[in-house]
Amino acid sequence: MIGRGPKIEAVDVSTYVIPTDAPESDGTLEWDRTTLVVVEIAAGGARGLGYTYAAAAAGGVVREQLAKLVLGADVFAIAAINARMLEAIRNLGRQGIVATALSAVDTALWDTKARLLHMPLAVLLGTAKPGVPAYGSGGFTSYTIDRLQEQLGGWAGQGLRLVKMKVGRQPGEDPARVHAARAAIGDRAQLFVDANGAYGRKQALALAERFAADDVRWFEEPVSSDDLDGLRLIRDRAPAGMDIAAGEYGYEPFYFRRMLDAGAVDVLQADATRCGGVSGFVTAHALCDARGLPLSAHCAPALHAHLGCALTRVRHVEYFHDHQRIERMLFEGAPVPRDGLLSPDLERPGLGLDLKRADAARFAAGG
């Protein structure tokens with residue numbers, strides 16, 4: 001019932017720019033820093049947080065467009081608040097930067113609610129399992145073969161049973177890089193590859209056959225995620241045992257529905273820092289559940305650990321090199337995988353995360 005929860009007293013936004021520990025690239029982009037936008041909500045003596053990996057402009061959308069809609073609202077009425085925010089951003093567009101801003105606010109609302117109820121978010125949503133498989137994700141195309149092998153082999157040595165590398169920057173070299181990765185991990189872990197849409201259709205099909213020789217089990221965005229016909233073609237013709245995945249750029253339910261209706265993927269990906277926060281991720285999960293397909297959480301492992309443990313269709317969570325590093329640097333309580341599984345701390349309410357303000361301050365940015 002609307003009106004039964006504490007009123008929201010404050011909405012605060014902070015932005016941090018964190019340099020990578022080395023230059024990074026994938027099949028289509030290069031970067032040397034990551035921007036984290038944190039939204040904090042105060043209500044009833046609790047202070048919850050949500051976050052997104054986006055441009056600083058996402059923080060501006062929260063401050064200038066969304067905060068005024070949230071202040072004074074019933075913190076438990078998350079669906080009603082989301083409906084108001086969606087109405088208010090009609091002329092701005094729902095996707096991109098606006099979606100990331102909405103996502104951070106929604107997650108902060110859920111975190112605040114869970115803290116007020118003195119329970120972890122996974123428990124509030126309904127725990128289905130104690131831990132969710134995590135896959136080590138990095139292997140950037142900017143890495144030397146030695147660094148690629150060190151990173152992926154290190155993860156396998158730490159007990160991660162799934163590891164992923166980037167491909168697509170220099171397609172002619174990709175089979176050799178994949179072979180080197182397999183040599184580093186041996187049979188200790190499954191090997192995934194992510195092209196970030198860098199290949200053409202026939203090129204992707206040819207490389208899928210070559211990657212199969214090294215037992216690659218996951219081929220992410222072999223072609224652009226906008227090319228649903230191309231994804232379906234590759235899904236239909238990929239070697240047995242190789243899943244085709246995409247969906248990380250989904251900002252709203254209609255994107256996921258179109259991708260699923262097209263039969264474009266074996267596994268859908270969704271990212272709660274982009275697709276509407278906790279509420280949007282739950283919706284993506286429902287779409288997968290209705291079709292009997294698995295869902296994989298893209299990046300932001302400290303957030304997705306709770307969702308992965310609460311939602312039965314979540315197959316695994318991406319333990320992305322940049323994000324796990326940032327979350328451990330800036331958040332107290334960020335989980336780390338053990339025996340290949342990522343588990344939230346059930347002794348901590350909400351997401352179990354607290355901003356390390358002193359540590360974060362040196363990365364603070366305006367905007």
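**Largest pocket**

I began with the lining of the largest pocket, and strand S2 gives the most to it, with 5 residues. S2 spans 30–43. I note here that the model is predicted.

I then listed the other elements on this lining. Helix H3 (97–116), strand S5 (162–166), strand S11 (314–320) and H12 each supply at least two residues, as does S2. In total, 31 residues line the largest pocket. I looked up which of them lie nearest its centre: Leu 29, Trp 31, Tyr 53, Arg 274 and His 323.

I took the volume next. The largest pocket comes to about 630 Å³. I sorted its lining by class and got 12 charged, 10 nonpolar and 9 polar residues.

**Second largest pocket**

I moved on to the second largest pocket, with a volume of about 190 Å³. I found 15 residues lining the second largest pocket, and the closest to its centre are Leu 86, Arg 94, Cys 275, Gly 276 and Gly 280.

Which elements supply at least two residues each to this lining? I wrote down helix H2 (78–88), H3 and helix H10 (277–291). H3 was already on my list for the largest pocket. By class, I have 7 nonpolar, 5 polar and 3 charged residues for the second largest pocket.

**Cavity**

I searched for closed spaces as well. With a floor of 30 Å³, I count 1 cavity. The volume of the largest cavity is about 30 Å³.

I listed its lining: Pro 301, Ala 302, Tyr 319, Gln 324, Glu 327, Arg 328, Ala 334 and Pro 335. Helix H11 (301–310) and helix H12 (321–330) each supply at least two of the lining residues. H12 has the largest share, 3 residues. I sorted this lining too: 5 residues are nonpolar, 1 is polar and 2 are charged. H12 also appears in my notes on the largest pocket, where it supplies at least two lining residues.

**Aromatic pairs**

I ran the ring search over the whole structure and got 11 aromatic pairs. I looked at Phe 140 and Tyr 143 in detail. Their ring centres are 5.3 Å apart and their planes stand at 85°, so I logged the pair as edge-to-face.

Are these two residues buried or exposed? Phe 140 is buried, at 0% relative accessible area. Tyr 143 also counts as buried, at 7%.

I turned to Tyr 199 and Phe 219. The ring centres of Tyr 199 and Phe 219 are 6.1 Å apart with planes at 75°, so this pair is edge-to-face. Where do the two residues sit? Tyr 199 is in the loop between strand S6 (190–194) and helix H7 (201–212), and Phe 219 is in strand S7 (residues 216–220). The pair therefore ties together parts that are 20 residues apart in sequence. I checked burial here too. Tyr 199 is buried, with 4% relative accessible area. Phe 219 is buried as well, at 0%.

I also looked for linked pairs. Trp 31, Phe 140, Tyr 143 and Phe 320 form a cluster through ring pairs. I had met Trp 31 before, among the residues nearest the centre of the largest pocket.

**Charge over a ring**

My last look-up was Lys 113. The charged end of Lys 113 sits over the ring of Phe 76, 5.7 Å from the ring's centre.

Notes. Residues are numbered from 1 along each chain as its sequence is written. This is a predicted model: local features need pLDDT of at least 70, side-chain atom pairs count only at pLDDT 80 or more; totals for chains, interfaces and linings use all residues. Side-chain values use heavy atoms; hydrogens and water are left out. On a 1 Å grid over the protein atoms alone, a cavity is a set of points where a 1.4 Å probe fits but cannot get out, and a pocket is an open set with protein on both sides within 12 Å along at least five of seven lines; lining residues have an atom within 4 Å of a point. Grid points are joined across faces, edges and corners, and a volume is the space filled by probe spheres set on the points. Helices (H or I, at least four residues) and strands (E, at least two) are DSSP runs, numbered from the N terminus. Ala, Val, Leu, Ile, Met, Phe, Trp, Tyr, Cys and Pro count as nonpolar, Asp, Glu, Lys and Arg as charged, and the others, Gly among them, as polar. Rings of Phe, Tyr and Trp (its six-membered ring) pair if their centres lie within 6.5 Å; planes under 30 degrees apart count as stacked, over 60 as edge-to-face and the rest as tilted. Buried means under 20% relative accessible area, exposed over 50%, partly exposed in between (1.4 Å probe, protein chains only). A charge sits over a ring if NZ of Lys or CZ of Arg is within 6 Å of the ring centre and within 35 degrees of the ring normal.
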